Amino acid sequence: MYRQKHLFLLPGLLVLVAIIIFPLLFTIRVSFSSWDVFQPELDWIAGGNYGRLLEDARYWGALGRLMIMAVGTVLIQYILGFALALLVLGDLRARRFFRVLFLVPMMTTPVIMSVIWRTVFHESIGPLNGMLQALGLQGVPWLSEPALAFASVMMVEIWQWTPFMFLLLLAGLVSLPREPYLAARIDGAGPIRTFFAVTFPAMAGISIAAILIRLIEASKIMESVYVMTSGGPGTATETSTYYIYIRGLRDFQLGYASALSVTYLVIMIISLTIIAKVLVRLFVKDRT
Amino acid sequence: MKTLYLAIKYLAILLWSCFVLFPFLWAVTTSFKTANGVTGGATWIPWLQYKPSLQGWQSLFGGSGGTDISGPYLNSIIVTGSASLISIVMGTLAAYGLSRFTFRAGFIRNADITFFFISQRIMPPIVLAIPFFLLLDQLGLLDTLAGLILVYIALLLPIAVWVMVDFFNNVPRQLDEMAWLDGCTPLTTFYRVILPNSVPGLIVAGMFCLIFGWNDFFFAFTLTFTDTQLLPVAIVALNSSVTPWWSLSASALISVAPLILLAFVVERFLSRGGLAGAVR
């Protein structure tokens, strides 16, 4: 009867092993070699690349910026996404229209919208400074001043991915049971009280899942950086993935870039595990 | 009090709608501008200051000295479409197996296999790009659509598995058991009983595969160089100081249009049901 069960699993599993496991093992092997433009053979230099990356301040700077950017955007996305999901939940006119409208940024290609955003941020002929000037204010160098460039990239990320948070949280809100709300109403709890006593705890599991998924995706930030600032000004918006890209596929230092990748992957897995554990410990109290 | 609350609510919705639409409105007006309109400052109502022009839109097909993007457009449709289809088929099969049968090998259980499928999403594109480059080079598939499809399957399969496992977990098991009692094998049960009941899940999974496939830039960027370019790569290549903004805006708009339209069609499935189980 269950003889056929492997037929379901095998095709997908084989493809994934072939396409993912081999490249991963290969990357690890390459990370122990000095493969680059001048040395196109796999040799063995033991931990040479890893020693080098420990002293590479630019790499750690990029990692720090990535973490600030990922955690910052995901937190803001979570708060905004939750608020938006609550807004379109009740008896709102044209509620279905707004639900799709709020999803629209997620449907657009990040790299192409970054092209548009780059023109929006343009210092002399972009609409943002146009609006500031119409209000009698000074224009702002959106993409050429380090702190502002960093904030601009974050804003585009928030524009692009708040909808994903919104979608998951809305799906969660829709599927919440009704009884606790009736009980809260009978007890005379106001909307704010009801939110913190009923809605928020009931949404803990979904919130954690949504935050983790977004953190994973946010840590890949690269395309908006590539198009809007190319990591500049200086290295103000350079994130880990972009730095690895520069070392690997622009400077073609494959060995070193592989070591950067492996280190990065290990750091990511460890920090995501810790974040997941902390979130569960903090917010999921009465569940196993 | 009630009125005030409603006013704030609608104001918030209105503000966010403006933020969402802002870049689109800007792109639409820009796509109808010409040199005077763009350098004349950030005007929102082009019709008042100068005549709108269709140059931007004509340039999409090589007119007005623009670049023809119909080739990359077709490439994108072929690659995203076939990779999504294959991923959905394999992902749905795997998800059904994982939700209905017990697999064990040593200490590995079903949950570990599911996690193995999904864990691929943790790897950033850059970590995979270098080995993919070398792998496709070895296979002679570098700079071909077939090679890209292979890569995109690896990219999309986890999404299909993620959505479908949770969907199947919410499909009552009695459905399968009745079919088994009637003498169906797991395979015939799957395509006669389960598949017809899985349309909402398949639509959500398909939509997600299409989004992530259509939106990928990085792999297409590193693995193709010539006329196998996909749409985002072709458009980003236009993103230089030479390309006029009206061409850039028109090409950007026409490339993001299909998924937005699709979203309006499948909205019901996206914001209801389908994902409710996926995020427990």
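**Notes on a predicted, helix-built model**

1. Let's start with one small residue. Ala183(A) sits in helix α8 of chain A, which runs over residues 179-186. Keep in mind as you look around that this is a predicted model. Is Ala183(A) buried, exposed or partly exposed? Its relative accessible area is 37%, so it counts as partly exposed, since that label covers values between 20% and 50%. Try finding Val198(A) from here: 15 residues separate it from Ala183(A) in sequence, and the two C-alpha atoms are 9.9 Å apart in space.

2. Now zoom out to chain B. How many helices and strands does it have? There are 14 helices and zero strands, so reading along the sequence you just meet one α after another. Of the 280 residues in chain B, 57% are buried. Its accessible surface is about 12,000 Å², and carbon and sulfur atoms account for 70% of that.

3. Chain B also brings together stretches that are far apart in sequence. Take the contacts between residues at least 6 apart: 73% of them join residues at least 24 apart.

4. The unreviewed UniProt entry annotates "transmembrane region" for residues 77-99, 111-133, 145-165, 202-225 and 245-266 of chain B. Check two of these in the model. Residues 245-266 of chain B are 100% helix, with the end C-alpha atoms 32 Å apart. Residues 111-133 of chain B are 78% helix and 0% strand, and there the ends are 31 Å apart.

5. Here's a helix pair worth a look. In chain B, the axes of α5 (residues 70-100) and α13 (residues 231-238) come within 7 Å and cross at roughly 145°. Pro72(B), Tyr73(B) and Ser76(B) make the contact from α5(B), while Leu231(B), Pro232(B) and Ala234(B) do so from α13(B). Sorted by type, that contact has five nonpolar residues, one polar and no charged.

6. Aromatic rings turn up a lot: the whole structure holds 49 aromatic pairs over all chains. One of them joins Phe195(A) and Phe200(A), a tilted pair at 6.0 Å centre to centre with 45° between the planes. Phe200(A) is partly exposed, at 26% relative accessible area.

7. Why is the pair of Phe132(B) and Phe219(B) called tilted? Their planes lie at 50°, with the ring centres 5.5 Å apart, and tilted covers angles from 30 to 60 degrees. Phe132(B) belongs to helix α7 and Phe219(B) to helix α12, 87 residues apart. Phe132(B) is buried at 2% relative accessibility, and Phe219(B) is buried too, at 1%.

8. Finally, look for a ring cluster with members from chains A and B, including Trp117(A), Trp142(A), Trp16(B) and Phe24(B).

Note on methods: Residues are numbered from 1 along each chain as its sequence is written. Chains are lettered from A and ligands numbered from 1 in the order in which they are written. This is a predicted model: local features need pLDDT of at least 70, side-chain atom pairs count only at pLDDT 80 or more; totals for chains, interfaces and linings use all residues. Side-chain values use heavy atoms; hydrogens and water are left out. Axes are lines fitted to C-alpha atoms, for helices over the stretch in contact, and angles run from 0 to 180 degrees between N-to-C directions. Helices (H or I, at least four residues) and strands (E, at least two) are DSSP runs, numbered from the N terminus. Contact means heavy atoms within 4.5 Å. Ala, Val, Leu, Ile, Met, Phe, Trp, Tyr, Cys and Pro count as nonpolar, Asp, Glu, Lys and Arg as charged, and the others, Gly among them, as polar. Buried means under 20% relative accessible area, exposed over 50%, partly exposed in between (1.4 Å probe, protein chains only). Accessible areas come from the Shrake-Rupley method with a 1.4 Å probe; for residues, only the protein chains shown count as cover. UniProt positions are given in the numbering used here, feature names are shortened, and annotations may be inferred rather than shown by experiment. Rings of Phe, Tyr and Trp (its six-membered ring) pair if their centres lie within 6.5 Å; planes under 30 degrees apart count as stacked, over 60 as edge-to-face and the rest as tilted.
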